[in-house]
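Please open the structure in your viewer and keep the sequence panel beside it, because each stop on this tour begins with a selection. Take the stops in order, and pause at each one to look around before moving on.

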Amino acid sequence: MSHGTLNDYIEKSKIEGARLPSIQKATWCFQMASAVAHAHYTAHTFHMDIKPANFLLDADRNLILIDWEQSGAAPYTLAPEADGAWDVKEMATSASSEETANAATPRLVYEKYSGPYRENLAWGQPKWNVFPSWKDTCPRALDAAEVFSLGRTMWMLLNRVPQSELEDCNEVVMSWNDATDEVPNDWKGVVGRCLDPDPNARIGLRQLVDFWKVVTRDDVA
């Protein structure tokens with residue numbers, strides 16, 4: 001892999017002040033979302049540790065998602081509800097009419113775990129990995145958590161924030177610096193929807209793929 005990782009690119013870009021064409025950034029966002037969607041809907045698995053350093057750039061500058069150990073996650077890209085402290089279930093929403101009842105989507109309801117200590121990771125953090133159980137019992141929660149991680153990774157790319165600047169960060173703060181003046185507002189908006197604190201309010205994984213697919217198609221046209 002002659003071009004290193006996406007994080008390598010972000011670091012180099014920031015140091016050199018280089019700016020990447022918008023179509024390349026959009027293509028990378030599309031490839032990131034597509035890789036995770038393939039994992040969820042075709043391979044029926046998850047990644048868990050989505051971050052710039054886990055995307056390799058091949059000789060043609062296409063992104064390849066690596067590190068499938070599922071043995072830990074970076075705190076600066078991990079969804080807050082996936083820190084091992086929460087369980088989740090779907091609950092049907094109440095509706096006042098037949099029309100809204102037919103259109104209603106069950107809500108994801110998170111409950112703080114209060115039982116005995118639990119651990120299913122021999123190393124890495126968090127010690128309780130919720131992804132295996134969510135994959136089987138609540139796939140929508142799994143989608144929402146990895147959409148958050150995708151949004152965080154996309155924000156790091158578009159904002160040129162390398163991982164080294166976030167390693168000691170204890171909270172998710174999303175702001176846009178002067179380097180993102182050329183980033184379209186709808187791109188910023190979709191990243192913001194990925195990072196909504198309420199998993200129910202986040203954009204769906206399939207919607208995220210479709211958004212970037214349209215952007216890349218329109219930019220090429």
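Begin by selecting Asp49 and Lys51, and show their side chains, which meet in a salt bridge with a distance of 3.5 Å from N to O. Are these two residues buried or exposed? Both Asp49 and Lys51 are buried. Keep in mind throughout that what you are looking at is a predicted model.

Next, select Glu90 and Arg140, whose side chains also form a salt bridge, here with 2.7 Å from N to O. Glu90 belongs to strand E3, residues 86-91, while Arg140 belongs to helix H5, so this pair ties together parts of the chain that are 50 residues apart in sequence. Glu90 has a relative accessibility of 40% and therefore counts as partly exposed, and Arg140, with a relative accessible area of 30%, is partly exposed as well.

For the third stop, select Glu182 and Arg19, and look for the salt bridge between their side chains, with 3.2 Å from N to O. Which parts of the chain does this pair link? Glu182 sits in the loop between helix H5 (139-159) and helix H6 (185-194), and Arg19 sits in the loop between helix H1 (6-16) and helix H2 (22-41), so that distant parts of the chain, 163 residues apart, are linked by the pair. Glu182 is partly exposed, because its relative accessible area is 31%, whereas Arg19 is exposed, because its relative accessible area is 52% and exposed means over 50%. Now add Lys25 to the selection, and you will have a network of salt bridges that links Arg19, Lys25 and Glu182. In total, the structure holds 10 salt bridges.

The tour now turns to helices that pack against one another. Two packed helices are described by the angle between their axes and by the distance between those axes.

Select H2 and H5, and turn the view until you can follow both axes, which come within 11 Å of each other and cross at roughly 160°. Angles over 145 degrees count as roughly antiparallel, and H2 and H5 are therefore roughly antiparallel to each other. Their crossing is right-handed. To see the contact itself, show the side of H2 formed by Lys25, Trp28, Cys29, Met32, Ala33, Val36, His40 and Tyr41, and then the side of H5 formed by Leu142, Asp143, Glu146, Leu150, Thr153, Met154, Leu157 and Leu158. If you colour these residues by class, you will find 11 nonpolar, two polar and three charged in the contact of H2 with H5.

Keep H5 in view and select H1, since the axes of H1 and H5 come within 9 Å and cross at roughly 30°. Angles under 35 degrees count as roughly parallel, and so H1 is roughly parallel to H5. On the H1 side the contact is made by Leu6, Tyr9 and Ile10, and on the H5 side by Thr153, Met156 and Leu157. How many nonpolar, polar and charged residues does this contact of H1 with H5 have? The residues divide into five nonpolar, one polar and no charged.

Then exchange H1 for H6, and look at how the axes of H5 and H6 come within 7 Å and cross at roughly 145°. The crossing of H5 and H6 is left-handed. In H5, select Val147, Phe148, Gly151, Met154, Trp155 and Leu158, which meet Trp187, Val191 and Cys194 in H6. By class, this contact of H5 with H6 has eight nonpolar residues, one polar residue and no charged residues.

While you are at H6, select Lys188, which is found in this helix. Lys188 counts as buried, because its relative accessibility is 18% and buried means under 20%. If you leave aside its neighbours within four places in sequence, Lys188 is in contact with Trp176, Thr180 and Val183.

For the last stop, select Asp83, in the loop between strand E2 (63-65) and E3. With a relative accessibility of 36%, Asp83 counts as partly exposed. Apart from neighbours within four places in sequence, Asp83 is in contact with Leu78 and Pro126. Finally, draw a distance line from the C-alpha atom of Asp83 to that of Pro162, 79 residues apart along the chain, and it should span 22 Å.

Definitions and conventions:
Residues numbered from 1 in each chain as written. Predicted model: local features only at pLDDT ≥ 70, side-chain atom pairs only at ≥ 80, totals over all residues. Heavy atoms only, no water. Salt bridge = Lys/Arg side-chain N within 4 Å of Asp/Glu carboxyl O. Helix = DSSP H or I, 4+ residues; strand = E, 2+ residues; numbered from the N terminus. Buried < 20%, exposed > 50% of the residue type's maximum accessible area, 1.4 Å probe, protein only. Axes fitted to C-alpha atoms, helices over the stretch in contact; angles between N-to-C directions. Parallel < 35°, antiparallel > 145°, perpendicular 65-115°, else oblique. Left-handed = near helix turned anticlockwise from the far one by under 90°. Contact = heavy atoms within 4.5 Å. Nonpolar A, V, L, I, M, F, W, Y, C, P; charged D, E, K, R; others polar.
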